[in-house]
Amino acid sequence: MNTVVLVSGRGSNLKAIFDAIDQRSCAAKIVGVVSDRSNAAALDLATSRGVPTRVVPLRKGDDRNLWNEVLASEVSKLEPELIVLAGFMRVLGPPLLEGFPGRIINVHPALLPAFPGHSGARDALDGGVRITGCTVHVVDSGVDTGPIIAQAAVPVLADDTADTLQARIQVQEHRLLPRVIHEIATGSIQLDPLRVGTPAGDEDRSLVVPEL
Ligand code: GRF
C-alpha cells in the first residue's frame, strides 16, 4: 500500500513505521515524506532511507488556501493509497481532504475525544485523569475530530511530568500506528466507510478497537 507520511517534527512515529516495514509486520511502502518545515528531523530520516521528500512551508502571512493547494498537489504526485499524519502540526484544508476522502489518518497523544490539540499529554496531566493514551483516527476538517480507528491506554503516574507521560504515550503510538496501517493494508480495517473490528483471537487489550 503506497503511503505518504506528513511530518513536522522529529519523526519517531515515521521511524516506527520504517522499523515495522523492515520487520515485515507492516505491509506498507512509504513512497514519500512531506513536511511543512524544512528543518524537520523526520526529513533526514526519510532521506537516509532513500525515500523522496518534499517541503511545503507555511510562513506567517502566507495564503493558506494556496498552501493547501500546493500541499495537495505535491502529495498527489506521489500517488498515495494512504496518507498518514505522523506529527504533522497543521490542520488540512479541502484540497487534500476532498482529494483523498477517508484515506488520511492521524496519530494523537491522548484518548480522543478528550484532550485534542497541540498538548495532549500536558492537558491530560492538568486534567487529573488517571488513564490517557493515544488515538489513531480518520482525519476530517476539525482538530483531532475524525472517526476513531484505534486507541491504546497509558496510565498517568503520580510523579509524571508532561515529558515523561508523552514519552510513555509515544511507546504506545509506535506500536499502534504501524499496526493500524498494516490492518488497513491487509483489509482488516476498512476506512471509507470506516469499519473497524477486533481481529479474531486478539488478546492484546492494550489495542482497544471498537467492535461493530
Ligand atoms: C506524536 O506524539 C503525535 O501523536 C503528535 O505529534 C507527535 C509526533 O512525534 N501528533 P514524532 O515526530 O513522531 O516523534
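Biologist: How far apart are the centres of domain 1 and domain 2?
Modeller: In this predicted model, the centres lie 20 Å apart, taken over C-alpha atoms. Domain 1 covers 1-100, and domain 2 covers 107-212.

Biologist: How do you know that residues of domain 1 are in contact with residues of domain 2?
Modeller: Contact means heavy atoms within 4.5 Å. By that test, 19 residues of domain 1 are in contact with 18 residues of domain 2.

Biologist: What makes you place the largest pocket between the domains?
Modeller: Look at who lines it. Domain 1 and domain 2 both give residues to the lining, so the largest pocket lies between them.

Biologist: What is the volume of the largest pocket, and how many residues line it?
Modeller: The volume is about 700 Å³. The lining has 35 residues. Those nearest the centre of the pocket are Gly87, Phe88, Met89, Val107 and Pro109. Four elements give two or more residues to this lining: helix H1 (12-22), strand S5 (104-108), strand S6 (131-138) and helix H6 (162-185).

Biologist: How do the lining residues of the largest pocket split by class?
Modeller: There are 18 polar, 11 nonpolar and 6 charged residues. Remember that Gly counts as polar here.

Biologist: Now the whole chain. Why does the radius of gyration agree with a compact globule?
Modeller: A compact globule of 212 residues would have a radius near 17 Å. The chain has 16 Å, so the two agree. Its C-alpha trace spans about 45 × 40 × 30 Å along the principal axes. The chain holds 6 helices and 9 strands.

Biologist: What share of the contacts in the chain comes from residues 24 or more positions apart?
Modeller: They account for 62% of the contacts with a separation of 6 or more. As for burial, 47% of the 212 residues count as buried.

Biologist: Which residues of H1 are buried, and what covers them?
Modeller: Ser12, Asn13, Leu14, Ala16, Ile17, Phe18 and Ala20 are buried in H1. Their cover includes strand S1 (2-7), S2, helix H2 (41-48), strand S4 (82-85), S5 and H6.

Biologist: Why do residues three or four places apart in an α-helix point the same way?
Modeller: An α-helix has 3.6 residues a turn, so such residues point the same way. Keep that in mind as you look along H1. Ala16 and Ala20 are among its buried residues.

Biologist: Why is Arg24 called exposed?
Modeller: Exposed means over 50% relative accessible area. Arg24 has 77%, so it is exposed. Arg24 sits in the loop between H1 and strand S2 (29-35).

Biologist: What makes the phi of Arg24 worth a remark?
Modeller: Phi is near 60°, a positive value in a residue other than glycine. Arg24 takes this positive phi just after H1.

Biologist: Asp144 also has a phi near 60°. Why does Asp144 count as buried?
Modeller: Buried means under 20%. Asp144 has 16% relative accessibility, so it counts as buried. Its place is in the loop between S6 and strand S7 (148-155).

Biologist: Why is Arg90 called partly exposed?
Modeller: Its relative accessibility is 23%. That value falls between the 20% and 50% limits, so Arg90 counts as partly exposed. Arg90 lies in the loop between S4 and helix H4 (94-99).

Biologist: Which residues is Arg90 in contact with, leaving aside its neighbours within four places in sequence?
Modeller: Asp36, Leu58, Arg64 and Trp67. Take Leu58. Leu58 and Arg90 are 32 residues apart along the chain, and their C-alpha atoms are separated by 9.4 Å.

Biologist: What kind of peptide bond joins Leu112 and Pro113?
Modeller: A cis peptide bond, with omega about 10°. Pro113 is in the loop between S5 and helix H5 (120-127).

Biologist: Why does Pro113 count as exposed?
Modeller: The limit is over 50%. Pro113 has 73%, so it passes. From Pro113 to Val143 the C-alpha distance is 10 Å, with their positions 30 residues apart in sequence.

Biologist: And why does Pro193 count as exposed?
Modeller: Pro193 has 56% relative accessibility, over the 50% limit, so it counts as exposed. Pro193 lies in the loop between strand S8 (190-191) and strand S9 (194-195). Pro193 and Asn13 are 180 residues apart along the chain, and 25 Å separate their C-alpha atoms.

Note on methods. Residues are numbered from 1 along each chain as its sequence is written. This is a predicted model: local features need pLDDT of at least 70, side-chain atom pairs count only at pLDDT 80 or more; totals for chains, interfaces and linings use all residues. Side-chain values use heavy atoms; hydrogens and water are left out. On a 1 Å grid over the protein atoms alone, a cavity is a set of points where a 1.4 Å probe fits but cannot get out, and a pocket is an open set with protein on both sides within 12 Å along at least five of seven lines; lining residues have an atom within 4 Å of a point. Grid points are joined across faces, edges and corners, and a volume is the space filled by probe spheres set on the points. Domain bounds come from an automatic or database domain assignment. The radius of gyration is taken over C-alpha atoms; the globule rule is 2.2 Å times the number of residues to the power 0.38. Buried means under 20% relative accessible area, exposed over 50%, partly exposed in between (1.4 Å probe, protein chains only).
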